[in-house]
Amino acid sequence: MRKYVIRRLLGMIPTLAIISIIVFVVIQLPEGDIVTSTLDQLSATGVDLSDDRIQNLRAQYNLDQPLPVQYLAWIGNFITGDMGFSYLYAQPVNELVWERLGYTLLITTCALLFTWVLALPIGIYSAVRQYSVADYAFTTIGLIGLATPNFLVALILMYFGYTWFGLSFGGLFSPEYLNVPWSWGRFRDMLAHLWIPVVVIGTSGMAITMRLMRANLLDELKKPYVITARAKGVPPLKLLLKYPVRIAINPFISTIGLLLPALISGEAIVGVVLNLPTTGPLLVQSLITQDMYLAGSLIMMLSVLTVVGMLLSDLLLAWVDPRIRYERA
Amino acid sequence: MNDSLLSIEDLIVEFKTELGSVKALKEVSFDVPYSSITAVVGESGSGKSVTSNAIMRLLPDSAQTSGEIILRPQGREPIAINSLDERDPQMQELRGGLVSMVFQEPMTALSPVHRIGDQVAEAVLCHRKVSQEAALAEAAAMLEQVGLTEVESKMRMYPFEFSGGMRQRVIIAMALICNPQLLICDEPTTALDVTIQAEILVLIKSLQRKLNNSVLFITHDLGVVAQIADRVVVMYDGQVMETGSVRQVLKSPQHPYTLHLLSSMPGIKIVEELQTSSEGWAEGAPMGSGTVLGDAGGGRQVREFSK
């Protein structure tokens, strides 16, 4: 098992290296760079810079170097923890990213838990009572949730929250707690705001999780080991949870890593709509303005999270399923 | 007064499907005496497995049953299995406690993610209030009885590390650990190769002698019947064709279907005249419709047929 973990950890290095190259190339693909987009803005306000100053700006941002050199400088600094400088916010990327990344992880983790806590039991119920009225009802509601775009749900919630309760749901904090140090009050204020994005992002995965659980469990319920357990006198509910559910749940554990990027990209649009202090809106802004260090660092960090998430879910799966554990030992 | 461990009387099982209902069992009646091995033999689709699942009440919800299944456990009141409510505590006691079952597919009949020892011990924990340790110790002893070696290490292994024969031994141990009065074996050797098959048959027979319980052995193999059973029930098309002791039925079959079945066995020589009388049977013929089992004397019953 230790060997397996070490092998997987080593395998992450080339994966991340390739991702970093792709990220860098993709960010460079659109024409122009931060200097040209700054110049455009300046000339729109009537200011024109001399060629010398433009050259100076380019040199300052390393933009006059060939691409491979720029890449190596960026990734080298990234590894040592220096993520470069955001032109857009005129701040080191480090200062911008960490807090937002924390909120993103918090929201996506809560959304995932929200989805599972609701969708898995519903899926189990739907499988056990297949074709019942409740089964159809849950399926219908789930499919409506699946078909409705996240941001629309967010807008609808905001609208009704405002018109019915006079609440403003934007952001994660009320104005009075926005820029103050952490306190119990601030934490409670955050929880009061947190549930909206959690519900909005969580509902999108609900239908799929529900249907998958239902399908997996229906497959397992027909297996002979379930009948064996019934025949030896295991009480029905204990039997259901201990045998077929235990096995039907494995695919969910193995897809935690895959869910993360989906949740995070879903979070980007919701983040913009709900004005959340997360990585999503920051990423969108940085891509629009070609703020390359900020965009690159964000995408790299999300990639690292995804790769680590995959490893964690694989380890978790090996922990719960002996067949996989032994195969990899 | 009937004095058998298990009596099945006029058991009818009907499956509701989208295309109408299918009668899997049409008034099946037979007895399983105490301390004996009764074989139910017949071709696929004859209703053997439906019968055994009906005894354990393991039929799917789409099945509708009527008739009586009466179990008379030694030292307690008889139980009318077919009229028990699913939530009746006796139901849980019945499954695995009084009656237990060995299945056809040892490769899939055990949970792939639980340890062997835990799966066997669970049967004990479901029926008796004992500690986990005591249950595991009993499981180890039982696994030794069914012929596993190095039991201590095997208890911690998983089914996928076992061969088919070893798994079937585990399932037999699991079925017998609560000392049930009736053990149902539903084609327990069909999925195994011939040498393992012989070992498992010897094991089932010797354990039956030792524990002095009854075995209902479902099979399509007359060779197996001859090897293991005391009594035999011949089934065809959801009906009992003939019952009697193994000697009576195999030596002098009365019903043409039994003859037909015997003559289909390679290596069994049947007297010429018997063979000709089996010509009364035609493939797919509804046997003895509207007729009843007649008593042929000596505990033997044969369905009436027209020649």
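The domain assignment splits chain A into domain 1, residues 2-92, and domain 2, residues 99-328. The model is a predicted one. Taken over C-alpha atoms, the centres of domain 1 and domain 2 of chain A are 32 Å apart. The two domains of chain A also touch: 24 residues of domain 1 are in contact with 20 residues of domain 2. On the domain 1 side of this contact, at least two residues each come from helix 1 (2-28), helix 2 (34-44), helix 4 (67-79) and strand 1 (85-86) of chain A. Helix 1 of chain A gives the largest share of that side, 11 residues. By residue class, the side of domain 1 that touches domain 2 in chain A holds 16 nonpolar, 6 polar and 2 charged residues.

Chain A as a whole contains 15 helices and 2 strands. Its C-alpha trace spans about 85 × 55 × 40 Å along the principal axes. Of the 329 residues in chain A, 31% are buried. Among the contacts in chain A with a separation of 6 or more, 74% are between residues 24 or more positions apart.

The next step is from chain A to its contact with chain B. That contact takes 17 residues from chain A and 23 residues from chain B. On the chain B side, helix 2 (89-98), strand 6 (99-102) and helix 3 (116-127) each supply at least two residues. The residues of chain B that touch chain A divide into 13 nonpolar, 7 polar and 3 charged.

Both chains also appear in the description of the largest nonpolar core. This core has 145 residues, and the members that touch the most other members are V120(B), A173(B), I177(B), L182(B) and V234(B). Helix 5 (residues 93-128) of chain A provides the largest share of the core, 12 residues. At least three core residues come from each of domain 1 (2-92) and domain 2 (99-328) of chain A. V120(B) can serve as an entry point to the core on the chain B side. Not counting residues up to four places away in sequence, V120(B) touches A139(B), M142(B), L143(B), V170(B), A173(B), M174(B) and I177(B). Two of these partners, A173(B) and I177(B), are themselves listed with V120(B) among the members that touch the most others.

A second position in chain B can be followed in the same way. I204(B) lies in helix 7 (residues 194-211) of chain B. I204(B) counts as buried because 22 C-beta neighbours lie inside 10 Å, and the cut-off for a buried residue is 20 or more. With its neighbours within four places in sequence left aside, I204(B) is in contact with I172(B), C185(B), V215(B) and I228(B). Of these partners, C185(B) is 19 residues from I204(B) along the chain, and the C-alpha atoms of I204(B) and C185(B) are separated by 9.1 Å.

The last feature is a strand pair in chain B. Strand 1 (residues 6-17) and strand 2 (residues 20-32) of chain B run antiparallel and are joined by 9 bridges. Strand 1 and strand 2 of chain B form a hairpin, with 2 residues between them. Within this pair, V13(B) has L25(B), in strand 2 of chain B, as its bridge partner. In a regular strand, side chains alternate between the two faces of the sheet.

How values were computed: Residues are numbered from 1 along each chain as its sequence is written. Chains are lettered from A and ligands numbered from 1 in the order in which they are written. This is a predicted model: local features need pLDDT of at least 70, side-chain atom pairs count only at pLDDT 80 or more; totals for chains, interfaces and linings use all residues. A nonpolar core is a set of buried Ala, Val, Leu, Ile, Met, Phe, Trp, Tyr and Cys residues joined through C-beta atoms within 7 Å. A residue is buried if 20 or more other C-beta atoms lie within 10 Å of its own, exposed if 12 or fewer, and partly exposed in between; C-beta atoms are placed from the backbone. Helices (H or I, at least four residues) and strands (E, at least two) are DSSP runs, numbered from the N terminus. Domain bounds come from an automatic or database domain assignment. Two residues are in contact if their C-beta atoms, placed from the backbone, lie within 7 Å. Ala, Val, Leu, Ile, Met, Phe, Trp, Tyr, Cys and Pro count as nonpolar, Asp, Glu, Lys and Arg as charged, and the others, Gly among them, as polar. Two strands pair if DSSP finds at least two bridges between them.
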